[in-house]
Amino acid sequence: MLEKVFLSCIMLFALTMQSQEKVVSGQITTSDGNPLPGVNIQQKGTTNGTISDMNGKYTIPITKGEKILVYSYISFQTVEKKITAKLINVILKEDLETLDEIVVIGYGTQKRKDVTGAVSSIKSESFASALPVSPEQLLQGKIAGVSIVQNSGQPGASATVRIRGTSSISAGNEPLYVVDGVPMQFGNANNAIRTVTSGSSPLSEEAINPLSLINPADIESIDVLKDASATAIYGSRGANGVIVITTKNKGKFGDFLTYDSYFGLSYVPKLLPVLSASEYRNYATTNNLPFSDLGADTNWQKEVFRTALTQNHNISFAGGSPTTNVTGSFGYNNQEGVLLSSELKKYTGRLNANHSAIEGKLDIGVNLTYANIDESRAAINSNIGDEGGNILKDAIRWAPTLPVRNADGSYYQIGALRVNPVSWTDVTDESKSSLFLGNMNTSFEIIDGLKLTSNIGHTNENVSRFSNIPSTHPAGEGQGGTASISKYKNTSVLAETNLTYDSQITDDSHITVLGGYSFQRFETENTFTSANQFVSDATQWNLIQSGTIQSNTSFKDANRLSSYYGRINYKLKDRYLLTFTLRRDGSSKFGANNKWGTFPSGALAWNIADEDFMTDTKFSNLKLRLGYGITGNQEIPNNLYREQLSIAGSAVYVFGGTAIPSVLPTNFPNPNLKWEQTKQLNIGLDFGLFDQLISGSIDYYTKNTSDLLLEFSTAAPSVVTTQWANVGEVRNRGFELNLNADIINSKDFNWNANVNFATNENKVLSLSNADYQRDEIRVSSGSGVVGNNNLTQIIKPGLPLNSFYGWKFTGYDSAGMETYQDTDGIDGADEVVIGNANPDWTIGINNSLKYKKIDVSINFTGVIGNDIYNNTAAEFSYVNSAPGTNILESALNTGASRTQSAQYSSQWIEDGSFLRLDNLSVGYTFDVDKVKFIKKARVYFTARNLFVITGYSGYDPEVKTRAIGIDYLVYPRPRMFQIGTSITF
C-alpha cells in the first residue's frame with residue numbers, strides 16, 4: 001500500500017514539474033535605475049503573464065511553452081529574455097522613436113511616419129523642469145514658424161502667438177486652441193482696428209490670459225498644425241493654425257503619486273537710465289531753471305520695483321487596472337509681480353478617467369478641468385494721454401529730488417497730474433477668473449475596423465473685475481473716488497460624432513476614412529458699471545449705488561457653428577501616402593448669402609527612405625511632403641452682417657417732459673459678408689541620418705489670405721458711418737528648418753540638441769475691389785506726450801503689415817531743432833516707411849544634457865531683423881520737459897534745443913533683434929533604491945531670462961503694447977531664479 005502511495009506521489013510530482021518547471025522573479029528598472037511598475041511580463045507563446053508591482057518587482061510561474069519571457073511597456077523598447085535562471089532583472093530603455101511617433105491631428109492620431117502635413121509636437125518629457133504659468137510659453141523657441149511674444153511681465157499676462165505670420169487686418173490672428181478635443185473660444189474675437197486713441201485710464205488694459213487657467217503640469221503633449229493640409233479639418237477656424245493640447249490621461253495599475261514644488265524669486269534685470277538726483281540738480285542749476293528740491297535722492301524705479309517671491313505646488317496621481325485608469329492633479333501657484341501691488345494666485349484641479357469594456361470594443365473617457373485665478377494688478381497702462389499717469393510713468397518722470405513720504409508718514413504728493421509713484425499702490429484693481437472644461441468621449445468598435453466615436457463637451461469661463469481709486473488718492477480726488485465692476489461670462493457646448501473605418505485592403509495598401517458632424521454654440525455675456533462721487537471710500541465697489549452712476553451697460557450674444565467633415569488617408573506599400581480632407585461649415589456670424597463654406601485640402605507624401613535604392617544609404621528617414629488647402633477665419637464680432645441698433649449716446653427726445661434716449665442703427669447690413677479665406681501651399685522634407693542620430697525637417701510655404709474683413713466708411717449723408725465687407729488680400733511665405741541631433745549617446749553621458757529657424761515674408765497685396773476702395777489704412781496711435789494724434793503704422797499694398805510710417809529723422813540744424821527728410825522737395829518733410837516690426841528670422845536653440853544622475857537643460861530664443869518704436873524713449877528724451885519731469889541720461893547728449901518738442905520719427909525706431917537665454921535648468925536625481933516608499937526623487941535649480949544680448953535700449957526687446965513692435969510703459973519682463981523638487985511615491 002505504501003509503495004503505491006509513494007509511486008503515486010512520484011508521478012504527481014513529475015507531472016507537476018512537467019507542467020510548471022520553475023518560478024522566475026526579478027525587478028524591472030529604467031535605464032537610470034528607477035523601478036518601473038505596470039510592466040507586462042508574458043511567457044512567449046502562452047497566455048501565462050503578470051504585471052510588475054509598484055517597486056518594479058514581479059514573480060511568474062513558468063508553464064509549458066517557449067522558455068522566453070517578453071517584457072513590454074508603453075513608450076519603452078520591448079525586451080525578450082531566455083529563461084536561464086530563477087532571478088532575471090531587466091532594464092527597459094525608452095523607445096524615443098515611439099515617443100515621437102504618435103501625433104495628435106484633428107479628430108484622431110497618426111503615426112509620425114504617416115503624417116502628410118506640417119505638424120510639429122512637443123511632449124511632456126521635453127518640458128522644462130520649472131513650468132511657466134501659461135501653456136503657450138512651453139512652445140517658445142521649440143517649434144519653427146511659431147512666434148510667441150510675451151505681451152508684458154505681469155503675472156498671468158497674455159502672449160501674442162503667430163503661426164506662419166499675420167494674415168488678417170481686422171479679424172483675429174490667434175491660432176485655434178483645441179483642449180482634449182474641445183475647440184475653445186476665449187472671448188477675444190473683437191479685434192477690429194481702431195484708428196483713434198480711446199481713454200487714458202491708469203488701470204491696466206492688458207487682457208487676462210485665459211490659457212493660464214490650464215496647468216502646464218497637466219499637459220501630456222502639444223501638437224501644432226501649421227499648414228492647410230493639417231488644419232483644413234477645422235475649416236473656417238483653421239487659417240491661423242491649430243494648437244492641440246492633450247492633458248495626461250493614461251494612468252496604469254500600480255502607478256504613482258507625485259509631489260512637485262518650487263520656490264523662486266524674481267527681479268527686474270534692467271532699469272531705464274534716467275537722471276540721478278545729482279545729475280538732475282546739475283542740469284537745472286547749470287541752465288538757471290527753477291525746480292523743486294527737498295534734499296532727497298530717490299531712485300523711483302527702485303521704489304516701485306521689488307524682489308518678488310513665487311511658490312508652486314502640484315500633486316498628481318495615476319492608477320487603475322487593465323481596463324480602467326484614472327489620473328488627476330491639484331495645483332497651487334502664487335506669483336508676486338515685480339511691480340508693487342501685482343500678484344497672481346492660481347488654483348487648479350483635474351480628473352481624467354478612461355474605461356474599456358466589451359473586450360476592448362467600448363472605450364469611455366471623461367476629462368474634467370477646473371481652475372481659479374485671483375489677480376491683483378498694478379496700475380500700469382500703455383494707453384494714456386499726455387498728462388495721464390500710472391505707476392511706471394510716474395516712476396520714470398518724477399524728480400529724484402523729491403521724497404517718497406512726508407515727515408508724518410503720508411505720501412508726498414504734487415497733484416492729480418503728478419502722482420507719487422508709490423502711492424499708486426493705494427489703487428485697487430482685482431480680477432477673479434474661473435474656467436471649467438469638461439468633455440466625455442465614447443468610442444465603440446461596431447465591427448473590425450469600423451469605429452463610432454462621440455464627443456460631448458462644455459466650457460464655462462467667468463471673469464470678474466473690480467477697481468477702486470479712492471477719493472484720498474490724487475487720481476480719484478477730483479471725482480470723489482471712482483469704482484467699477486465688470487463681469488464677463490463665456491460658455492460653449494459641443495456635440496460631435498464621427499465614424500472611422502480603418503482597413504488593410506491588401507498586403508500593400510491601407511485606408512482610413514473619417515466622416516463626422518459637429519455642432520458648437522458659444523454664448524457671451526457682459527455687464528459693466530462704473531460710478532464716482534462716493535460718500536465713503538470704505539465700501540469700494542461693494543456699494544456702488546452709493547456713488548453717482550457714470551456707466552451702466554450690458555450685452556449678451558451668441559454664435560453657432562454647424563459642420564460636416566471628412567478625411568481619407570491612403571497608404572500604398574507603406575511609403576506612398578495620400579490625404580484628402582473636406583469640411584463644410586455653416587456659421588451664424590455671416591450673411592444669408594454666405595452662411596455655408598467649403599474648405600478642402602489634399603496632401604501627398606513619399607517615404608523615400610523605404611525604397612530599395614535607399615537600402616545602402618545612411619538615411620533612416622527621408623520623406624517628401626506636398627500639401628495644398630483652403631481654410632477660413634471667422635474671428636470677428638457677431639452680427640456684423642445685419643443691421644444692429646443701439647442707444648445713441650447723448651441723443652434724446654423729450655416727450656411730456658421726459659427724456660427718451662434715441663435708438664439708432666450702428667451699421668449697414670451686408671448679407672454677402674463671409675469668412676476670410678486662406679489658400680496655402682506647403683512643400684516639406686523630413687529626414688533622418690545614422691539611425692536618427694541626426695533628424696529634422698525643412699518646409700517652404702506660401703499662403704494667400706483673401707476676402708479680408710474690413711470696415712469701410714459709408715457715403716454721406718448717412719445715419720451710420722461704417723460698413724463691413726470682404727475686401728483685400730495679404731500674403732505670407734517663408735522657410736522653416738528644424739534640426740535635431742543626438743550629439744553624444746553613451747552609457748553615462750547624453751547630449752541632445754535642437755536648432756530651429758524660420759523666416760516669413762509678409763506683404764499686403766490689395767485693399768480694394770470693384771465695390772470698395774482703400775489706398776491705405778493708418779493704425780496704431782502712439783501714447784503719452786508723443787501720442788494721441790500720431791498713427792505710427794500704415795497698411796498699404798506692397799508693404800508688410802506692421803510697417804512703421806512717419807518722418808525720417810536726419811539730424812539737428814544749427815538751432816538744435818530736428819530735421820526730417822523731404823523726399824519730393826515740396827512743403828517740407830514727408831512721411832515714409834521708417835521700419836518693419838516683423839522679424840526676418842526667429843530662432844530657437846535647445847540643449848538637453850545628462851551625465852549619470854545630473855541633467856541640464858539650456859534653451860535660447862531670439863529674433864533677427866525686427867524694428868521697435870520706443871515710444872517710452874521718445875517721451876523722455878527731450879530736455880524741454882526737464883526739470884519739470886525727469887528725463888533719460890541720453891537726452892543731455894542729443895544736441896536738441898529746449899524749444900524742440902517731442903516728435904514721432906525714425907529717431908525712435910530701434911533694432912529689436914535679440915538672443916535670450918530663456919531657460920537654464922540643472923537637476924539631480926537621487927538613488928532611492930533603499931527607500932521603499934519613494935520611487936524617484938529629484939531636485940533642480942532653474943534660471944529664467946538669465947540674459948539678453950540686444951542693442952535695444954528699453955526694458956526688454958520682446959514687446960507689444962498698442963501693436964506688435966510698439967513699446968510704451970510695458971511691464972518689464974523679470975529675471976527669475978527657482979529651486980524645486982519632485983518626489984514620486
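The legends below describe close-up views of a predicted model.

Residue numbers start from 1 along each chain as its sequence is written, and side-chain values use heavy atoms, with hydrogens and water left out. Because the model is predicted, local features need pLDDT of at least 70 and side-chain atom pairs count only at pLDDT 80 or more, while totals for chains, interfaces and linings use all residues.

**View 1. Surroundings of Arg975, a buried residue without a salt bridge.**
Arg975 belongs to strand S51 (residues 975-984); helices (H or I, at least four residues) and strands (E, at least two) are DSSP runs, numbered from the N terminus. Buried denotes under 20% relative accessible area, exposed over 50%, and partly exposed in between (1.4 Å probe, protein chains only). A salt bridge requires a side-chain nitrogen of Lys or Arg within 4 Å of a carboxyl oxygen of Asp or Glu. For Arg975, the nearest side chain of opposite charge is that of Asp956, 7.9 Å away; in this count Lys and Arg are positive and Asp and Glu negative, with His and the chain ends not counted. A polar atom of the Arg975 side chain lies 3.0 Å from the backbone oxygen of Leu946. Contact is defined as heavy atoms within 4.5 Å. Not counting residues up to four places away in sequence, Arg975 touches Leu265, Ser266, Tyr267, Pro269, Arg944, Asn945, Leu946 and Phe947.

**View 2. A nonpolar surface patch that includes Leu572.**
The patch measures about 760 Å² and is made by Leu572, Tyr576, Leu578, Leu604, Trp606, Phe613, Leu624, Leu626 and Ile683. Two or more residues each are given by strand S27 (576-587), strand S28 (596-607) and strand S29 (619-633). Leu572 itself lies in strand S26 (residues 548-572) and is partly exposed, at a relative accessible area of 30%. Patch members have over 30% relative accessible area and no salt bridge; like charges are joined within 9 Å, and nonpolar side chains (Val, Leu, Ile, Met, Phe, Trp, Tyr) within 5 Å. Accessible areas come from the Shrake-Rupley method with a 1.4 Å probe, and for residues only the protein chains shown count as cover.

**View 3. Leu203 in a loop between two strands.**
The loop that holds Leu203 runs between strand S14 (182-183) and strand S15 (219-225). Leu203 is buried, with 14% relative accessibility. Apart from neighbours within four places in sequence, Leu203 is in contact with Ile380, Asn381, Val427, Asp429, Arg465 and Ser467. Its C-alpha atom is 37 Å from that of Gln677, which is 474 residues away along the chain.

**View 4. The salt bridge between Asp293 and Arg281.**
The structure holds 31 salt bridges. In the pair shown, the side chains of Asp293 and Arg281 meet at 2.8 Å, N to O. Asp293 lies in the loop between helix H4 (277-286) and helix H5 (300-304) and Arg281 in helix H4, so the pair ties together parts twelve residues apart in sequence. Asp293 is partly exposed, at 35% relative accessible area, and Arg281 is partly exposed at 22%.

**View 5. Salt bridges of Lys571 and Arg575.**
Lys571 and Asp574 meet at 3.3 Å, N to O. Lys571 is buried at 17% relative accessibility, whereas Asp574 is partly exposed at 35%. Arg575 pairs with Glu611 at 3.1 Å, N to O. This second pair links distant parts of the chain, 36 residues apart: Arg575 is in the loop between S26 and S27, and Glu611 in the loop between S28 and S29. Both Arg575 and Glu611 are buried. Salt bridges with shared partners join Lys113, Asp114, Lys571, Asp574 and Asp610 into one network.

Notes:
A polar contact is a pair of N or O atoms within 3.5 Å; within protein, one must be able to donate a hydrogen and the other to accept it, and residues adjacent in sequence count only if both atoms are side-chain atoms.
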